[in-house]
Each structure stands twice: as structure tokens, then as C-alpha cells.
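Work through the exercises below with the sequence and the structure at hand. Each task is followed by a solution in steps.

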Amino acid sequence: MTDKLAEDMLAALTKTACALDYEAHMALISPKVRVFGVPGFAVIDYDDWARQCRHEFAEKLLKDVRYEGLDIVSRSPGYVLFKTREITSGTDGTVNDHGLEILIQQESDGVWRVTQERILSCDEVDFDRHRSP
């Protein structure tokens, strides 16, 4: 069940971002969200995320978003913590490819939302890739 929750969240994030659907995309993000590991920033919060998405979507700067791989790290009835690889392509030809750790939680309204993301270091991605199953 938790793999399905994570898979569904990644599919929804992909669909809404690729459609440049700001309202639907931000509905997947908790107002409590925190993003760690972004170079030059201690932490990104909901307002930062919303501002960036509003700009990228309105200017049609995003060409494609996709996720590869899914590794469930931890789970409980109210949350799922997993790792994945995010690849984003811009309309200007830039590609960003990095590992992510994502925490989704079921909030008080019953909706599952992203509450935390952490961009993984290259060393951590390499370690995860080479560890035993």
C-alpha cells in the first residue's frame, strides 16, 4: 500500500508539473513543507516553492519532469519516506538530475501531501546505488 501511495504521489507531481497546473501542483504540497539541500539556501518553505512554481509555470520554463526509481526508507500509517531520482528539463535545454528523499504525510484533512524534501548529495546517491538489497 505504501509503495502505491509514493507511486501515486510521484505520478501526480509529474502530471501537474508537466501540465503547468499551478493550483493542482501546489495542492500536493503541504503548507508546512521544508526543502533541504538546495545550494545557497538553508531551507526552502512553502512560499518559496509556490513563488518558484508560479514563475516557472507562468513563463512555461518547464518542459518535462520525471522520476526514476523508488526506494521506501520508512513508513507508518500516517507517513511514507522514500528516495527517488528527479529529472527536470527546461525549455532552454537545461537538465537537472538529482536524488531526492521525499516525506509524504496524510494531513488532518485526509489528503496526502509532500511535507519534506531533501536533495541528496552525490555521495549518498552513489552509496545507495551500491548497497546490498
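The exercises deal with a predicted model and go from the sheet to salt bridges, a pocket and backbone angles.

**Exercise 1. The sheet**

Find the order of the strands in the open sheet, and state which are the edge strands.

Solution. Step 1: the open sheet has six strands, and their order is β2-β1-β6-β5-β4-β3. Step 2: β2 (44-45) and β3 (62-76) pair on one side only, which makes them the edge strands. Step 3: the pairing in the sheet is mixed. An antiparallel example is β5 (residues 95-106) with β6 (residues 112-119), joined by seven bridges. A parallel example is β1 with β6, paired over four bridges.

**Exercise 2. Partners and packing**

Name the residue in β6 that is the bridge partner of leucine 100, the residue in β6 opposite arginine 34, and the strands that helix α3 touches.

Solution. Step 1: leucine 100 has isoleucine 119 as its bridge partner in β6. Step 2: the residue opposite arginine 34 is glutamine 116, also in β6. Step 3: helix α3 (residues 46-58) packs on the sheet and touches β1 (29-36), β2, β3 and β6. The direction of α3 makes about 95 degrees with that of β1.

**Exercise 3. A residue after the sheet**

Where is serine 121 found, and is it buried, partly exposed or exposed?

Solution. Step 1: serine 121 is in the loop between β6 and α4 (122-130). Step 2: the relative accessible area of serine 121 is 40%, so it counts as partly exposed. Step 3: serine 121 is 21 residues from leucine 100 along the chain, and their C-alpha atoms are separated by 9.0 Å.

**Exercise 4. Salt bridges between distant parts of the chain**

State how many salt bridges the whole structure holds, then describe the ones formed by arginine 75 and lysine 32.

Solution. Step 1: a search of the whole structure gives 11 salt bridges. Side chains of opposite charge can pair when their charged atoms come close.

Step 2: arginine 75 pairs with aspartate 3, and their closest N and O atoms are 3.5 Å apart. Because arginine 75 is in strand β3 and aspartate 3 in helix α1 (residues 2-18), this pair ties together parts that are 72 residues apart in sequence. Arginine 75 is partly exposed at a relative accessible area of 47%, and aspartate 3 is partly exposed at 35%.

Step 3: lysine 32 pairs with glutamate 107, with 3.8 Å between the closest N and O atoms. Lysine 32 belongs to strand β1 and glutamate 107 to the loop between β5 and β6, 75 residues apart. Lysine 32 has a relative accessible area of 53% and is exposed. Glutamate 107, at 13%, is buried.

**Exercise 5. A network**

Which residues are joined into one network by salt bridges that share partners?

Solution. Step 1: start with aspartate 64 and arginine 66, whose side chains form a salt bridge of 3.8 Å from N to O. Step 2: aspartate 64 is partly exposed at 27% relative accessible area, and arginine 66 is partly exposed at 35%. Step 3: the network joins Asp64, Arg66, Glu68, Arg85 and Asp97 through shared partners.

**Exercise 6. The largest pocket**

Give the volume of the largest pocket and say which element provides the largest share of its lining.

Solution. Step 1: the largest pocket holds about 920 Å³ of space. Step 2: it is lined by 32 residues, and Gln52, Cys53, Glu56, Glu86 and Thr88 are the closest to its centre. Step 3: two or more lining residues come from each of α1, α3, β3, β4 (79-90), β5 and β6. Step 4: the largest share, seven residues, is from α3.

**Exercise 7. Positive phi**

Locate leucine 20, lysine 60 and glycine 110, and give the phi angle of each.

Solution. Step 1: leucine 20 is in the loop between α1 and α2 (22-26). Leucine 20 is not a glycine, yet its phi is positive, about 55 degrees. Its relative accessible area is 24%, so leucine 20 is partly exposed.

Step 2: lysine 60 is in the loop between α3 and β3. Its phi is also positive, about 55 degrees, although lysine 60 is not a glycine. Lysine 60 is exposed, at 55% relative accessible area.

Step 3: glycine 110 is in the hairpin of β5 and β6, which has five residues between the strands, and takes a positive phi near 90 degrees.

Definitions and conventions. Residues are numbered from 1 along each chain as its sequence is written. This is a predicted model: local features need pLDDT of at least 70, side-chain atom pairs count only at pLDDT 80 or more; totals for chains, interfaces and linings use all residues. Side-chain values use heavy atoms; hydrogens and water are left out. Two strands pair if DSSP finds at least two bridges between them. Contact means heavy atoms within 4.5 Å. Axes are lines fitted to C-alpha atoms, for helices over the stretch in contact, and angles run from 0 to 180 degrees between N-to-C directions. Buried means under 20% relative accessible area, exposed over 50%, partly exposed in between (1.4 Å probe, protein chains only). A salt bridge is a side-chain nitrogen of Lys or Arg within 4 Å of a carboxyl oxygen of Asp or Glu. On a 1 Å grid over the protein atoms alone, a cavity is a set of points where a 1.4 Å probe fits but cannot get out, and a pocket is an open set with protein on both sides within 12 Å along at least five of seven lines; lining residues have an atom within 4 Å of a point. Grid points are joined across faces, edges and corners, and a volume is the space filled by probe spheres set on the points.
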